[in-house]
Amino acid sequence: EGTFIEFFLVESPAGRVAGEKKAAHEHFFYVLDGTLDARVGSKSKRVKKGDVIHVPRGKGWQLTVSKGSAARYAGVRSTARLEDHIRKHGAADNWRG
């Protein structure tokens, strides 16, 4: 676990289901290989290699690996420390230099 974000890499077999009823932290998933049926809140979409899924904090989500082949995806999520820092100090806009 990082100080402000967590990064993970997942390789799942066909049919595998992952998710949360209410995400404690904001998530981003990047599909590296395979196909997933993704649900975020009430919206569903089939995603494939190169697609990005955003899960806002507090939303329910589910990823189901499509039948027939495995899938690989990378994920990044904020930590409680980052979210506490943003609540106290606001979000920085440092990308412009």
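1. A search of the whole structure, which is a predicted model, finds three aromatic pairs. In one of them the rings of Phe8 and Phe29 have centres 6.1 Å apart and planes at 70°, so this pair is edge-to-face. Phe8 belongs to strand 1 and Phe29 to strand 3, so that distant parts of the chain, 21 residues apart, are linked by the contact. With a relative accessibility of 2%, Phe29 counts as buried.

2. Phe29 also takes part in a second pair, with Tyr73, in which the ring centres lie 5.8 Å apart and the planes stand at 80°, so the arrangement is again edge-to-face. Because Phe29 lies in strand 3 and Tyr73 in strand 8, this pair ties together parts that are 44 residues apart in sequence. Phe29 and Tyr73 are both buried. Taken together, ring pairs join Phe8, Phe29, Trp61 and Tyr73 into a cluster.

3. The strands that carry several of these rings can be placed next. Four strands make up an open sheet whose order is 1-8-3-6, with antiparallel pairing. Strand 1 and strand 6 are the edge strands, each of them pairing on one side only, and from one strand to the next the twist averages 20°. Within this sheet, strand 3 (residues 27–33) and strand 8 run antiparallel and are joined by six bridges; Tyr30 is found opposite Ala74 of strand 8.

4. Tyr30, which has its place in strand 3, deserves a separate comment. Its relative accessible area is 38%, and Tyr30 is therefore partly exposed, the limits of that class being 20% and 50%. Together with Phe28 and Val52, Tyr30 makes a nonpolar surface patch of about 280 Å².

5. Strand 4 (residues 35–40) shows an alternation of side chains: Leu36, Ala38 and Val40 point to one face and are buried, whereas Thr35, Asp37 and Arg39 point to the other face and are not buried. On pairing, strand 4 is joined to strand 5 (residues 43–48) by six bridges, the two running antiparallel, and strand 4 is joined to strand 7 by five bridges, again in an antiparallel manner. Ala38, one of the buried residues of strand 4, has Leu63 as its bridge partner in strand 7.

6. The connection between strand 4 and strand 5 is a hairpin with two residues between the strands, and Gly41, in the turn, has a positive phi of about 60°. Across this hairpin, Asp37 has Arg46 of strand 5 as its bridge partner, and the two residues also form a salt bridge in which the closest N and O atoms are 2.8 Å apart. Arg46, at 53% relative accessibility, counts as exposed, while Asp37 is partly exposed, with a relative accessible area of 30%. The backbone pairing and the side-chain contact thus concern one and the same pair of residues.

7. How many salt bridges does the structure hold? There are four, and the one between Asp37 and Arg46 has been described above. Another joins the side chains of Arg77 and Glu6, with an N to O distance of 2.4 Å. This pair links distant parts of the chain, Arg77 being in strand 8 (residues 71–78) and Glu6 in strand 1 (residues 5–12), 71 residues apart. Are the two partners buried or exposed? Arg77 counts as partly exposed at 28% relative accessibility, whereas Glu6, at 14%, counts as buried because its value falls under the 20% limit.

8. A further salt bridge is formed by Glu83 and Arg57, whose closest N and O atoms are 3.8 Å apart, within the 4 Å cut-off that applies to such contacts. Here too distant parts of the chain are linked: Glu83 is in helix 1 (residues 80–89), and Arg57 is in the loop between strand 6 (52–55) and strand 7 (61–65), 26 residues apart. Glu83 counts as buried, at 11% relative accessibility.

Conventions. Residues numbered from 1 in each chain as written. Heavy atoms only, no water. Buried < 20%, exposed > 50% of the residue type's maximum accessible area, 1.4 Å probe, protein only. Pairing = 2+ DSSP bridges. Axes fitted to C-alpha atoms, helices over the stretch in contact; angles between N-to-C directions. Phe/Tyr/Trp six-rings, centres within 6.5 Å; stacked < 30°, edge-to-face > 60°. Patch = residues over 30% accessible without salt bridge, like charges linked within 9 Å, V, L, I, M, F, W, Y side chains within 5 Å. Areas by Shrake-Rupley, 256 points an atom, 1.4 Å probe, with all protein chains shown as cover.
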